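Trainee: Hi! I have a new structure open and could use some help reading it. Can we go through it together?

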Amino acid sequence: MAFSTVLYKLKGLYKFGKPAPRLRGKVFVNKMGAIQVGKNLSIVGHPWAVQITSTKGANLTFGDNVYVNAGVGIAANKEILIGDNVKIGPRTSIFDSNYHRLDSSDKGELRKSITIGNNVWIGADCTILPGVTIGDNSVIAAKSTVNKNIPNNVLAGGSPAKVIRELKIEDGWVRE
Ligand SMILES: CC(C)(COP(=O)(O)OP(=O)(O)OC[C@H]1O[C@@H](n2cnc3c(N)ncnc32)[C@H](O)[C@@H]1OP(=O)(O)O)[C@@H](O)C(=O)NCCC(=O)NCCS
């Protein structure tokens, strides 16, 4: 791979003094706003490209040991906070803006912050909608649409996602 490609891919994701993110395949980074990256960020851009965007004035934060699988799209238009030890399954979308109005009476805020807690696992093909908080240690089952807050330590799933059951999480346990 050409060195310039490596530099392009690292644009905005490399912070001096921290281990460089592990990026494989195609990872497109559109950095107009802030992107903060913790240690050991890993992004798999094959067989589907990953797109990471932070628009002007927005803030996108990755904690330590975050794993982003193929085909994921993350777009911060306001603020997306991703905690430590978070795993994001293939083709999942995390967008903090609706981008478009429903109709002429829709005057609400299009952009609402998203927070994903520590040790969260989001399965494949999920959509995380604006304004949502997913609590620490929780799991979002495959193909779920999360439109409301999910508490700590639960399995949630479906479209819209509902709590399926509580999870047993020992203090300090980190999901493999
Ligand atoms: C959630 C999951 C881990 C299964 O966990 P589990 O504890 O074995 O769950 P079960 O299969 O016993 O199902 C428990 C309940 O959750 C429901 N459920 C399971 N997966 C679901 C899903 N993806 N969407 C909606 N409901 C789901 C089941 O229907 C069941 O409901 P019921 O009790 O009313 O019958 C699995 O279904 C899943 O979604 N895995 C994600 C895999 C993935 O995306 N991997 C990508 C790599 S990161």
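Trainee: Let me start with a small one: which residue stands opposite Ile134 in S13?
Mentor: That is Ile116. Keep in mind that we are looking at a predicted model here.

Trainee: Okay! How many bridges join strand S10 to S13?
Mentor: There are two bridges between S10, residues 114-116, and S13, and these strands run parallel.

Trainee: What sheet do they belong to, and what is its strand order?
Mentor: They sit in an open sheet of five strands, in the order S2-S4-S7-S10-S13, with parallel pairing. The edges are strand S2 (34-37) and strand S13 (133-134), each of which pairs on one side only.

Trainee: And what holds paired strands together in general?
Mentor: Strands of a sheet pair through backbone hydrogen bonds, and the pairing can be parallel or antiparallel.

Trainee: Which sense does the pairing of S16 and S17 have, parallel or antiparallel?
Mentor: Antiparallel: four bridges join S16 to strand S17, residues 162-166. One facing pair there is Ala156 and Val163 in S17.

Trainee: What about S14 and S16, parallel or antiparallel?
Mentor: Strand S14 (residues 139-140) and strand S16 (residues 154-157) pair in the parallel sense, over two bridges. Ile140 stands opposite Ala156 in S16, and Ala156 also stands opposite Val163 in S17.

Trainee: How many residues lie between the strands in the hairpin of S16 and S17?
Mentor: Four, and in that hairpin Gly158 takes a positive phi near 105 degrees.

Trainee: Switching topic. Where is Val120?
Mentor: Val120 is in the loop between S10 and strand S11 (121-122).

Trainee: Is Val120 buried or exposed, and why?
Mentor: Val120 counts as buried because it has 25 C-beta neighbours inside 10 Å, and the cut-off for buried is 20 or more.

Trainee: Which residues is Val120 in contact with, leaving aside its neighbours within four places in sequence?
Mentor: Gly83, Val86, Ile134, Asn137 and Ser138. You have already met Ile134, which stands opposite Ile116. As for Val86, the C-alpha atoms of Val120 and Val86 are 4.9 Å apart in space, though the two are 34 residues apart in sequence.

Trainee: Neat! Now Asn77: where is that one found?
Mentor: In another loop, between strand S6 (73-76) and strand S7 (79-82). Asn77 counts as buried, because 23 C-beta neighbours lie inside 10 Å.

Trainee: What does Asn77 touch beyond four places in sequence?
Mentor: Asn77 is in contact with Thr55, Ala58, Asp96, Ser97 and Arg111. Asn77 and Ala58 are 19 residues apart in sequence, and 5.1 Å apart from C-alpha to C-alpha.

Trainee: I see a ligand too. Which residues around the ligand come nearest?
Mentor: Of the 13 residues around the ligand, the nearest are Gly89, Gly123, Ala124, Ala141 and Gly157. By class, the shell has five nonpolar, six polar and two charged residues.

Trainee: Last topic: what is the mean pLDDT of the chain?
Mentor: The mean is 91, and 90% of the residues reach 70 or more. Among the elements, S14 has the highest mean pLDDT, 99, and helix H1 (residues 3-10) the lowest, 49.

Trainee: So what about the start of the chain, where does pLDDT stay under 50?
Mentor: Over residues 1-5, for which the model has one contact beyond four places in sequence. Where pLDDT is low, the predicted coordinates should not be read in detail.

Conventions
Residues are numbered from 1 along each chain as its sequence is written. This is a predicted model: local features need pLDDT of at least 70, side-chain atom pairs count only at pLDDT 80 or more; totals for chains, interfaces and linings use all residues. A residue is buried if 20 or more other C-beta atoms lie within 10 Å of its own, exposed if 12 or fewer, and partly exposed in between; C-beta atoms are placed from the backbone. Two residues are in contact if their C-beta atoms, placed from the backbone, lie within 7 Å. Two strands pair if DSSP finds at least two bridges between them. A residue is near a molecule or strand if its C-beta atom, placed from the backbone, lies within 6 Å of it. Ala, Val, Leu, Ile, Met, Phe, Trp, Tyr, Cys and Pro count as nonpolar, Asp, Glu, Lys and Arg as charged, and the others, Gly among them, as polar. pLDDT is the predictor's confidence in each residue, from 0 to 100.
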